[in-house]
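Trainee: I'd like a guided close look at one part of this protein before I go back to the bench. Could you start from a single residue and then widen the view?

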Amino acid sequence: MTKRYQALLGAAIAAALFLSACGKKPDSGSSGGMSGSMSGSGSSSSASDSQTAAWRTGLGILTETVDEDRTGKINTIAAAVLLDAEGKLADVRLDELEVNISADGNGVVSMPTDYRTKRQRGDDYPLAAVSSLKKGWAEQADSFAEYLKGMTPEQLSKLETDEDGKPKDADLLSGCTIAVDRYRDAIEKACANAEALGAAKGDSLTLGIEAENGSSSLTATDDKDVNAQLDFTAVALTVDSDGRVTSAVGDMTEPAMTVSADGGVSAPDSVRSKLEQGDEYGMRQASKLGKEWYEHSEGFCDYLKGKTAAEIAAIPADGTDADLAALCTISVDDLQKAAGKALEGR
């Protein structure tokens, strides 16, 4: 190889190495000036993203029904959750409603007259007297919620219970001896449903329930069974330090027991809430806005943001509010009442 050729080859290699070095991205692990600057910028961006990551609000409803001869039971649990920027449980709120129905041999159905939830009943729900902890339902449910704070949904799903659904963990048992397996399942639903709706660090979470008899008839005949129905509406809210709503989720479920003319009571195989039914609920074609129920509910909940308890209570029930009518045309009476009860329970 001639000296001239060697010189040309060396120059070509040097040029190729120079171009390759210019084309490389800075190594974030390098201690060089440019690399160090880029690395610092990335760390700052990551920290900023963590601080501003959206908090998520979720609502889950779990309904179980049981029939036996001429009686039936509808048990409905609502769980509200607030997940922080890391996806951990920042807060949890629980409530539960038990409805018992019965029928006689002539198909006449008896429904309850009290539709208050366990939390709403307070001392009227007689748990404290028989509890080894001498604590009422709300105290024990809130103790369970406090125990869950800081957990991820995955950690929640691994919470162990005994054959009666009661917790096994000694720390949890010190404040809660009621069965929690169904509450755990409802909270898991709420976590799966959680969305970034405007909640932020420092907001408080609350939950409101409005329930009533939804039956159109209470006497079954040979030609027509009775649907002994419960209308259960839940609204989860987050509220800032000024008492204004920052996020809201509303849902409704309508579990019904079928009663025949001879008084036989039959429970449905499963019950899904209106949000869970989604487009299957079948309202879109009949809606003036071309919206499904869940979309109307979302519109109402968006409308609540920024409002105080007094402003929510003042929403006209006749649909004359043009801003609300542009978002939602369903009856919002029960959603409004549930939101009001949520704010009362702060």
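In which strand does Asn 100 lie?

Mentor: Happy to help, and please keep in mind throughout that this is a predicted model. Asn 100 is part of strand β3, which runs over residues 89-103. Setting aside neighbours within four places in sequence, Asn 100 makes contact with Gly 72, Lys 73, Ser 110 and Pro 112. You can also look from Asn 100 to Thr 65: they are 35 residues apart along the chain, and their C-alpha atoms are separated by 9.9 Å.

Now step back to the whole chain. It has 12 helices and nine strands, and 41% of its 346 residues count as buried. Among contacts with a separation of 6 or more, 65% join residues 24 or more positions apart.

A second strand residue worth a visit is Thr 233, placed in β6. Thr 233 has 0% relative accessibility, so it counts as buried. Not counting residues up to four places away in sequence, Thr 233 touches Gly 208, Ile 209, Glu 210, Asp 251, Met 252, Asp 334, Leu 335 and Ala 338. Two of those partners, Asp 334 and Leu 335, are themselves among the buried residues of helix α12. That buried set also includes Gln 336, Ala 338, Ala 339, Ala 342 and Leu 343, and what covers it includes β5 (204-213), β6, β7, α9 and α10. As for its length, α12 has 12 residues, which should span 16 Å at 1.5 Å a residue; the end C-alpha atoms are 17 Å apart, so the two values agree.

From α12 we can move to α9, residues 293-304. This helix also has 12 residues, and it reaches 17 Å from its first C-alpha to its last, close to the expected 16 Å. Its buried residues are Trp 293, His 296, Ser 297, Gly 299, Phe 300, Cys 301, Tyr 303 and Leu 304. Here is a general point to help you read such a list: an α-helix has 3.6 residues a turn, so residues three or four places apart point the same way. The buried residues of α9 pack against β6 (226-239), β7 (245-253), α8 (274-277), α10 (309-313), α11 (322-325) and α12 (333-344).

Tyr 303 is a good place to pause. The charged end of Lys 307 sits over the ring of Tyr 303, 3.9 Å from its centre. Just after α9, Gly 306 takes a positive phi of about 90 degrees. Tyr 303 can also be paired with Asp 323, 20 residues away along the chain, with 8.1 Å between their C-alpha atoms. Asp 323 belongs to helix α11 and has a relative accessible area of 58%, which means that it is exposed.

Helix α9 also helps to line the largest pocket, whose volume is about 390 Å³. Of the 23 lining residues, the closest to the pocket's centre are Asn 193, Glu 195, Val 249, Leu 275 and Glu 298. At least two lining residues come from each of β1 (56-68), α7, β7, α8 and α9.

Follow α7 next, as it brings us to the one aromatic pair in the structure. Trp 137 and Tyr 183 meet edge-to-face, 6.0 Å centre to centre and with 80 degrees between the planes. Trp 137 lies in helix α4 (residues 137-148) and Tyr 183 in helix α7 (residues 181-193), so the pair ties together parts that are 46 residues apart in sequence. Both Trp 137 and Tyr 183 are buried. Tyr 183 has a charged neighbour too: the charged end of Arg 182 sits over its ring, 5.8 Å from the centre.

Finally, look at two loop residues with their backbone angles in mind. Most residues other than glycine have a negative phi. Lys 134, however, has a positive phi of about 60 degrees although it is not a glycine. Lys 134 sits in the loop between α3 (118-121) and α4, and its 57% relative accessibility means that it counts as exposed. Asp 69 likewise has a positive phi, near 55 degrees. Asp 69 is found in the loop between β1 and β2 (71-83), and this residue is exposed, with a relative accessible area of 65%.

Methods
Residues numbered from 1 in each chain as written. Predicted model: local features only at pLDDT ≥ 70, side-chain atom pairs only at ≥ 80, totals over all residues. Heavy atoms only, no water. Phe/Tyr/Trp six-rings, centres within 6.5 Å; stacked < 30°, edge-to-face > 60°. Helix = DSSP H or I, 4+ residues; strand = E, 2+ residues; numbered from the N terminus. Buried < 20%, exposed > 50% of the residue type's maximum accessible area, 1.4 Å probe, protein only. Lys NZ or Arg CZ within 6 Å of the ring centre and 35° of its normal. Expected span 1.5 Å × (residues − 1). Contact = heavy atoms within 4.5 Å. 1 Å grid on protein atoms, 1.4 Å probe; cavity = no way out; pocket = protein on both sides within 12 Å on 5 of 7 lines; lining within 4 Å. Points joined across faces, edges and corners; volume = space filled by probe spheres on them.
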